[in-house]
Amino acid sequence: MKLLIINACSNKNSKTLKLTKDIIKLFDNDYAIDIINTYALPFSFINDEIIEKRNNGEYDELAFKYANMIKNADRIIIAAPLWDMSYPASLKVFIENIMIPNVLFRYEDDKAIGLSNAKKLLYITTIGGKVNINYGFEEIKAIANLWGINDVNSISIDLVDVIPNRFEDEKNKLINELKNKIKEF
Ligand SMILES: Cc1cc2nc3c(=O)[nH]c(=O)nc-3n(C[C@H](O)[C@H](O)[C@H](O)COP(=O)(O)O)c2cc1C
């Protein structure tokens, strides 16, 4: 089984990444783990020049490589903090680049057909304050659905910058709660 982790955490002491690492330790599955660090990639946001190339069938080789990793994974985790009511631009740029038709999705008449083998996607996030909607996750869910992944969940801890020690306390609570539930991700 292949587990692909898309890491969009920039902070050296990222809470989101700490939470992600602790969650992965709970899995019993014998995964081969691949990690994509969106901050380590040379991608730029898509512009007209790139769109023109794409219209001529020219896609970036690296973009193909990562699109195929998403296509061939069995499980996907995206780790991304909440930044300005969304996920970081680095993740958006990654998605813009790897969203390649006929690799990750195609249309049959007016129906989108997802082409990823992955059965589940988990979005892990931490949030400085309190928000009413799990911003960022809603878009990721729609994107995962387009790739053909319908089992999409989110794990989040909020108020981490407001209440002292909340992150560690909630993380420990969450890990304890998940211990017996998430063995089979
Ligand atoms: C650039 C930036 C933007 C942020 N925007 C928000 C925001 O819109 N709402 C919020 O509640 N917290 C916001 N925060 C706080 C982060 O969500 C919070 O610190 C989070 O735990 C950071 O995760 P990390 O340690 O994995 O980087 C922001 C933090 C940064 C650095």
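**Exercise 1. The largest nonpolar core**

Task: In this predicted model, determine which residues of the largest nonpolar core touch the most other members, and which elements supply at least two residues of this core.

Solution: Begin with the membership, which comes to 35 residues, and among these I76, L91 and F94 touch the most other members. Next, trace the core back to the secondary structure: at least two residues each come from β1 (2-7), α3 (61-72), β3 (75-79), α4 (89-98), β6 (120-126) and α5 (137-147). Finally, look for a separate cluster, and you will find a second core of 20 residues, with L19, Y31, L122 and I157 included.

**Exercise 2. The surroundings of α4**

Task: Establish which residues of α4 are buried, and what the buried residues pack against.

Solution: Taking buried to mean under 20% relative accessible area, seven of the ten residues of α4 qualify, and the helix is mostly covered. These are S90, L91, V93, F94, I95, N97 and I98. The buried residues of α4 pack against β1, β2 (32-37), α2 (48-55), α3, β3 and α5. For F94, once neighbours within four places in sequence are set aside, the contacts are I6, I36, T38, L41, F43, Y66 and I70.

**Exercise 3. The open sheet**

Task: Work out the order of the five strands and explain why one side of β2 and of β7 is left without a neighbour in the sheet.

Solution: The strands follow the order β2-β1-β3-β6-β7, with parallel pairing. Because β2 and β7 (151-157) stand at the edges and have a single partner strand each, one side of each lacks a neighbour in the sheet. Within the sheet, β1 and β3 are joined by five bridges, and L3 has R75 in β3 as its bridge partner. Lastly, α3 packs on the sheet, where it touches β1, β2 and β3, and its direction makes about 130 degrees with that of β1.

Technical notes: Residues are numbered from 1 along each chain as its sequence is written. This is a predicted model: local features need pLDDT of at least 70, side-chain atom pairs count only at pLDDT 80 or more; totals for chains, interfaces and linings use all residues. Side-chain values use heavy atoms; hydrogens and water are left out. A nonpolar core is a set of buried Ala, Val, Leu, Ile, Met, Phe, Trp, Tyr and Cys residues joined through side-chain atoms within 4.5 Å. Buried means under 20% relative accessible area, exposed over 50%, partly exposed in between (1.4 Å probe, protein chains only). Helices (H or I, at least four residues) and strands (E, at least two) are DSSP runs, numbered from the N terminus. Contact means heavy atoms within 4.5 Å. Two strands pair if DSSP finds at least two bridges between them. Axes are lines fitted to C-alpha atoms, for helices over the stretch in contact, and angles run from 0 to 180 degrees between N-to-C directions.
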